[in-house]
Amino acid sequence: MPLEPHTVPRFSGGRFPLSAGRAILAVALVVVAGGADDTPVRGADTPIDFNRDIRPILSENCFYCHGQDGNKRQADLRLDDRDAALAARAIVPGDPGASSLLERVHSTDADVVMPPPSSNRKLSEEQKTLLEKWIASGAEYRKHWAFEAPVRPESPAVNHGGWVRNGIDVFVLAGLEGAGMRPSPEADRTTLIRRLSADLVGLPPTPEEVDAFVADPAADAYEKLVDRLLASPHYGERMALPWLDAARYADSNGFQQDGDTWQWMWRDWVVKALNDDMPFDRFSIEQLAGDLLPDATVEQKIASGFNRNHLLNGEGGAIAEEQRFNNLFDRVDTTSTTWLGLTLACCQCHDHKYDPLTQVDYYRFLDAFNRLSENGTPQYFSSRIRVAPPLIELPTEENNARIADFEKQIAAADTEAAPIIEAGFAGWRKGLLASGVPGDAAGLPGGLLDQLKKPEGERTAEERQAIDADLRKHFDEKVRNDLVGKAAPVERAATLRRQLGEYRADQIPRVMVMSDDRPRETKLLDRGDYLTPTGDPLTFAPPGVLPPLPEGEATNRLGLARWLFRPDHPLTARVQVNRMWQHFFGAGLVKTVEDLGVQGEYPLHLPLLDWLALEFRDRGWSQKQIHRLIVTSATYRQSSRVGPDALAQDPENRRFGRASRFRMPSAVLRDVALASSGLLDRRQGGRPVYPYQPDQIWEALAITKERDFTYPQSQGSDLYRRSLYTFWRRTVSPANMFDAANRQTCRVRASTTCTPLHALTTLNDPTWVEGARVLAAASMKAAPDVDGRLSHAFRHVVCRVPTDFDLVALRRMHGRQRELYAADPAAAKAFLAVGASPQDAALDPVDHAALSAVCLAILNLDEALCRE
Amino acid sequence: MSDPHPLPGLPGDADLSSAFAENVVRVSRRRLFGSAGMGIGGVALASMLGRETGAAGPVIAGLPDLPHHPPKAKRVVMLWQGGGPSHVDLFDPKPVMRDHVGKDIPESVRGTTRLSTMSSGYAKWPTQPAIKPFKRYGNSGIELSEMLPNVGGIADEICVVRSMNTEAVNHAPGVTLFMTGAQVPGRPSMGAWLTYGLGCDTDELPAFVVMTSSDKGKTCGQLFFDYYWGSGFLPSRFQGVRFRNTGDPVPYLANPPGVSRAARRALLDDVAAMNAAHLADYGDPEIDTRISQYEMAFRMQTSVPDLTDFSSEPKRVLDRYGPDVHVKGSFAANCLIARRLLERGTRFVQLMHAGWDQHNNLFTQLEEQCRDTEGPSAALVLDLKERGLLDDTLVAWGGEFGRTPFGQGDPTNPKGRDHFGRAYSWWLAGGGVRGGHVHGSTDDFAWNITADPVHVHDMQATMLHLLGIDHARLLFRYQGRQFRLTDVHGHVVKGILA
């Protein structure tokens with residue numbers, strides 16, 4: 001059993017996370033190792049499963065030196081290959097006593113024992129016993145589970161089948177029953193609608209929606225609600241958040257000048273595709289290779305921007321080729337993590353230490369991305385915009401209107417300037433030719449000078465025409481500018497032209513996309529160094545351990561993308577459903593969602609993972625259908641309450657005997673604060689916006705004068721757009737998006753930590769303070785009495801009707817705050833002045849401030865911050 | 001504070017009702033089981049029941065198996081000099097270069113050194129000797145530029161490393177390599193690793209603080225990105241907290257306008273009561289983590305502003321840091337805040353000063369940079385020493401690379417130097433460092449290392465070693481492998497150790 005004390009996500013909050021993590025694992029270890037009678041994962045007589053029981057031990061402790069990486073292999077012994085291990089007599093099937101592996105493992109001699117003390121690794125007695133039993137029973141090896149195509153598992157038998165709502169529940173219930181546990185009761189309807197809303201649309205339900213659902217007598221009330229939320233246009237916005245983290249999406253390049261980009265057009269594509277439930281195969285193929293599809297549409301090309309969302313280094317002195325390889329490495333890493341759940345990045349420098357992936361596999365994979373006309377650094381368009389070809393220009397209607405307007409003005413100025421220019425030309429021509437044939441001093445090109453040497457009378461009509469045209473050309477290019485500054489209309493035309501150029505550079509969207517417009521030779525790089533290509537050229541092919549490209553399939557990105565969706569692909573579907581599970585349960589069925597390789601967590605619920613994966617494939621890769629399947633399960637509908645016994649027995653909820661309870665992502669928390677108060681502007685898509693941010697977050701970057709880093713705070717309702725649309729500067733994340741992926745490299749694992757800085761954000765950021773004020777105003781208008789107002793505010797945030805205890809607590813809170821503000825009305829006014837939205841002068845400031853403080857407190861309740 | 005609005009079952013602010021407290025104890029005890037006596041709930045519990053203190057070890061625990069060996073230093077202040085200070089002009093005297101002024105640095109010296117594209121295409125490599133003379137300082141007689149009189153004054157405290165080297169040719173990759181062990185952003189920074197491993201001696205201040213400053217003219221500054229103090233794949237609570245130079249040092253630190261400390265206190269008490277009730281209902285241990293984090297946030301609201309209030313500092317101390325100490329955001333002021341943080345229990349302070357990137361203004365700008373930074377740097381060392389803190393505080397001074405021994409720009413009249421990572425200099429002082437010592441050497445042109453090279457990963461390994469950490473054993477599993485600060489490299493440099 002892989003025990004990783006340092007990667008316990010849900011218990012990683014707080015001040016003593018690691019010792020606590022250890023404590024929890026101490027419990028988990030006892031449970032998993034079968035020490036606690038009530039929950040054996042593997043009872044004494046359960047047959048040994050190589051993938052579950054043995055490979056993790058070998059992989060963690062042996063493969064580093066005795067694995068497939070030939071460069072690091074010690075004593076010419078490999079234990080990842082059964083034949084090799086047998087040939088070396090490290091393992092003698094059926095004869096533990098003759099197996100040198102066991103002799104070394106059991107040795108007490110520091111020079112003999114394996115793993116050696118210097119490796120900082122040590123086997124437990126339990127692990128040694130497992131190895132012994134495994135060898136005694138024949139030492140069978142099996143391919144790592146994730147490299148074999150999933151097969152539809154049989155439905156396990158369960159005792160309490162009445163609880164089961166769909167296929168998911170059979171597997172979960174069987175696991176719980178096997179461990180002597182029982183599912184939790186179903187959560188109440190208010191909790192369910194709030195949970196579903198958080199998970200599917202990232203916005204809270206209104207009290208009216210809650211009431212309607214609670215009162216809905218229909219047998220399928222829950223399913224109707226699910227379908228309504230799945231059809232909401234906000235579904236795509238919510239589901240885009242984790243996808244943007246994986247795609248390391250940001251609105252700027254990172255690094256020194258940190259130029260802004262137009263990749264938000266790709267972001268809008270993602271939201272729309274998710275809302276349309278574009279099948280995941282198409283969703284993937286268009287993002288990986290939309291540009292290579294026959295007659296690719298503009299949308300498909302934009303989709304391919306997925307692999308252009310990486311960092312771009314334009315620092316002075318940067319070595320472009322080095323940066324270009326950094327882009328390539330990033331694409332391999334991001335693509336393999338996102339779709340394959342493999343750490344292919346490990347093979348940049350050497351064969352993988354653990355997975356059967358080689359350095360050749362890596363560079364064959366990289367070859368698919370090594371065909372762009374990029375040079376490695378972004379190109380300067382304006383002091384704000386830096387993007388790198390290949391790109392597509394997509395003028396908006398506004399752009400076209402502005403350009404047409406410019407052109408009209410330029411035409412008008414030209415018309416006015418024309419006589420002046422003509423006069424200027426005539427004068428210049430006359431002056432030039434007045435003293436006969438001009439000499440070199442006139443600055444004319446040599447060819448023209450030669451032509452002029454021919455006496456005028458001898459020139460043919462064509463020659464005369466050519467001379468006139470050349471003179472005019474020379475005048476327009478070199479001489480005419482002298483008129484700028486001397487004649488107003490000429491000046492105006494020149495200024496307008498310059499402004500049009502600047503406008504085009506700064507304002508026409510240029511989306512970076514993929515294109516195989518410059519194939520190059522790909523070679524393996526020795527130690528991953530771009531300066532040392534070695535060996536024969538390599539062409540794209542999938543890693544050898546995975547199924548090959550189908551016969552006749554293109555050996556390019558399009559082939560790669562289609563290959564992911566061969567029906568027998570062992571990884572694609574599993575990786576996605578595992579991340580979907582993470583979305584709805586806080587952790588994946590394989591907790592290491594970024595790594596399904598041999599070092600990843602062995603899934604306790606492998607049959608469930610496989611069943612879901614095959615459902616995904618067989619339902620035409622519909623993401624909405626799998627989301628629906630998960631949220632309509634009895635497993636999902638459980639309460640998230642946990643008693644001390646269940647907490648001790650399954651502290652991390654790996655058996656799903658309760659629903660998960662976790663703090664919502666900061667982006668969602670902000671949306672919830674805006675929506676609860678009614679401030680939220682629900683417009684979708686378009687350019688990023690600049691909501692409140694403390695001074696000196698961006699400005700502190702402006703140590704160089706190379707560009708203006710003044711934060712251009714938005715006005716009006718742009719302040720209240722969903723967090724998805726907040727401008728994401730890659731060098732410094734939005735100040736109030738705590739705990740977010742850094743959008744520098746691909747991230748697929750959710751993080752929910754808890755720090756004082758998070759508390760300060762939700763207590764003091766104007767977003768929350770203003771939201772509280774606006775919610776208080778609405779509550780004052782909604783009810784005449786304090787209790788009614790408190791209930792109104794409470795329901796808009798946490799949805800449920802406050803209990804008697806809640807009301808007493810809220811009343812006390814309100815009373816104390818009111819007393820303080822009554823004694824200091826100026827403070828009340830100052831508090832109410834936070835935020836750009838208008839204040840309601842009709843409300844008593846002391847009452848309003850007191851209730852606003854209570855609303856701020858409600859927004860900060862643990863219950864408000866968490867989805868339960 | 002008398003409470004005119006008592007809750008039934010909640011007698012007052014000072015302690016929560018016994019029912020809730022009992023539940024908290026129940027939940028927390030469960031999580032304490034098996035640990036060394038502290039768990040997630042430990043402090044929450046302590047803070048709710050009247051804080052327990054006195055136990056040995058950090059206030060906020062690190063990893064149970066750390067330190068690996070008895071540490072020489074318990075805390076670190078990194079005086080980062082961004083842009084690449086010129087080793088040729090400041091730390092590594094090369095009299096031979098005087099005889100070669102303007103002449104090409106021999107090809108036998110240059111070899112195939114990888115340079116930035118600003119100079120890699122040069123046809124001429126005019127030797128540019130140090131722009132000012134060197135002097136011997138202290139009993140140890142270490143030679144440093146006369147532009148460093150105050151650092152010279154602490155020569156017997158410092159170890160000058162003249163054999164630093166890096167592969168990076170540009171700023172961001174160079175800084176990222178030093179801070180995180182890799183040139184491409186995304187891995188945890190040194191301060192994050194240390195606070196993850198060692199915990200922290202304060203729960204009122206961040207464990208890892210970053211402060212930035214730049215040269216006054218902003219002539220050649222560099223940007224400081226948040227991945228220089230990021231937590232990478234470590235949990236985000238380990239990321240550095242950047243203090244800003246204007247407004248609140250920490251974003252969102254101050255209460256909103258119109259919210260007094262008393263009003264906030266009352267509000268938080270009521271929130272805690274409701275959260276405790278919810279904990280009793282839901283049993284989720286994370287709720288009591290939340291309660292404790294809100295308490296710490298409240299404490300930070302006073303402890304952080306206290307840091308920047310120098311009114312209790314004697315004039316003698318202020319004078320030592322120089323007149324800039326009164327200028328918010330200056331390197332001098334940041335040095336003094338650093339000392340105040342270190343003595344209050346912060347584990348890692350990372351000052352980042354920009355302004356050493358002298359491509360075309362070496363002759364004017366270098367001396368100004370020295371004036372802005374070398375006095376306060378030395379003052380910090382002396383101040384720590386006076387307070388008995390230097391013995392177990394590691395002070396590290398340096399940047400991402402050095403600068404080319406040849407002049408940049410017009411070869412007949414160079415105005416600056418380009419980036420140079422093949423050899424450059426750092427200095428260290430404090431806990432476990434061999435003072436009055438020079439480690440490593442370079443050839444006559446300060447180009448190639450001739451003895452005891454110290455790669456960036458070696459410096460990281462050495463710094464960790466001084467803090468009681470075996471760099472090869474401070475690990476975090478991510479993407480199926482064990483990551484560490486030094487990647488797969490790094491050796492402890494024994495010659496630097498006292």
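# Val241(B) and its surroundings

Visitor: Let's start with Val241(B). Is it buried or exposed, and why?
Guide: This is a predicted model. In it, Val241(B) has 22 C-beta neighbours inside 10 Å, so Val241(B) counts as buried. The cut-off for buried is 20 or more.

Visitor: Which strand is Val241(B) found in?
Guide: Strand β6 of chain B, residues 241–243.

Visitor: And which residues is Val241(B) in contact with, leaving aside neighbours within four places in sequence?
Guide: In chain B, they are Pro206(B), Phe208(B), Val209(B), Val210(B) and Val250(B). Leu757(A), from chain A, is on the list too.

Visitor: Take Phe208(B). What separates its C-alpha atom from that of Val241(B)?
Guide: 6.2 Å. Along the chain, the two residues are 33 apart.

Visitor: Val210(B) was on that list. What does Val210(B) stand opposite?
Guide: Gln350(B), in β7(B). Strand β5 of chain B, residues 208–214, runs parallel to β7(B), and 7 bridges join them.

Visitor: Which other strand pairs with β7(B), say around residues 75–82?
Guide: That is strand β1 of chain B. β1 and β7(B) pair in the parallel sense, over 7 bridges. Within that area, Val76(B) stands opposite Phe348(B).

Visitor: How many residues of β7(B) are buried?
Guide: 7 of the 7, residues 348–354, so the strand is largely enclosed by the rest of the structure.

Visitor: Which residues are on which side?
Guide: Phe348(B), Gln350(B), Met352(B) and Ala354(B) are on one side. Val349(B), Leu351(B) and His353(B) are on the other. Both faces are covered. In a regular strand, side chains alternate between the two faces of the sheet.

Visitor: New topic. How many residues does the largest nonpolar core have?
Guide: 333. Those with the most contacts inside it include Leu351(B), Val77(B) and Val854(A). In soluble globular proteins, nonpolar side chains tend to be buried together.

Visitor: What is Val854(A) in contact with, its neighbours within four places aside?
Guide: Leu790(A), Ala793(A), Leu810(A), Met813(A), His814(A) and Gln817(A). Apart from the largest core lies another, of 20 residues. Leu79(A), Ala85(A), Leu131(A) and Ala139(A) are among them.

Visitor: On to chain A. How many helices and strands?
Guide: 33 helices and 8 strands. Chain A has 868 residues, and 52% of them count as buried. Its C-alpha atoms fill a box of roughly 115 × 85 × 50 Å along the principal axes.

Visitor: Pick a helix, α26(A). How many of its residues are buried?
Guide: 12 of the 12, so α26(A) is largely enclosed by the rest of the structure. Among them are Arg670(A) and Asp671(A).

Visitor: What should the helix span, and how far apart are its ends?
Guide: At 1.5 Å a residue, the 12 residues of α26 (666–677) of chain A should span 16 Å. The end C-alpha atoms are 17 Å apart, which agrees. Gly678(A) follows, with a positive phi near 90 degrees.

Visitor: What domains does chain A have?
Guide: The assignment gives domain 1 (5–147), domain 2 (234–394 + 518–568), domain 3 (397–508) and domain 4 (763–867). The contact between domain 1 and domain 2 of chain A takes 9 residues from domain 1 and 8 from domain 2. On the domain 1 side, 3 are nonpolar, 5 polar and 1 charged.

Visitor: And how is chain B divided?
Guide: Into domain 1 (18–52 + 262–295) and domain 2 (75–249 + 310–496). Taken over C-alpha atoms, 42 Å separate the centres of these domains of chain B.

Conventions. Residues are numbered from 1 along each chain as its sequence is written. Chains are lettered from A and ligands numbered from 1 in the order in which they are written. This is a predicted model: local features need pLDDT of at least 70, side-chain atom pairs count only at pLDDT 80 or more; totals for chains, interfaces and linings use all residues. Domain bounds come from an automatic or database domain assignment. Two residues are in contact if their C-beta atoms, placed from the backbone, lie within 7 Å. Ala, Val, Leu, Ile, Met, Phe, Trp, Tyr, Cys and Pro count as nonpolar, Asp, Glu, Lys and Arg as charged, and the others, Gly among them, as polar. A nonpolar core is a set of buried Ala, Val, Leu, Ile, Met, Phe, Trp, Tyr and Cys residues joined through C-beta atoms within 7 Å. Helices (H or I, at least four residues) and strands (E, at least two) are DSSP runs, numbered from the N terminus. The expected span of a helix is 1.5 Å times one less than its number of residues. Two strands pair if DSSP finds at least two bridges between them.
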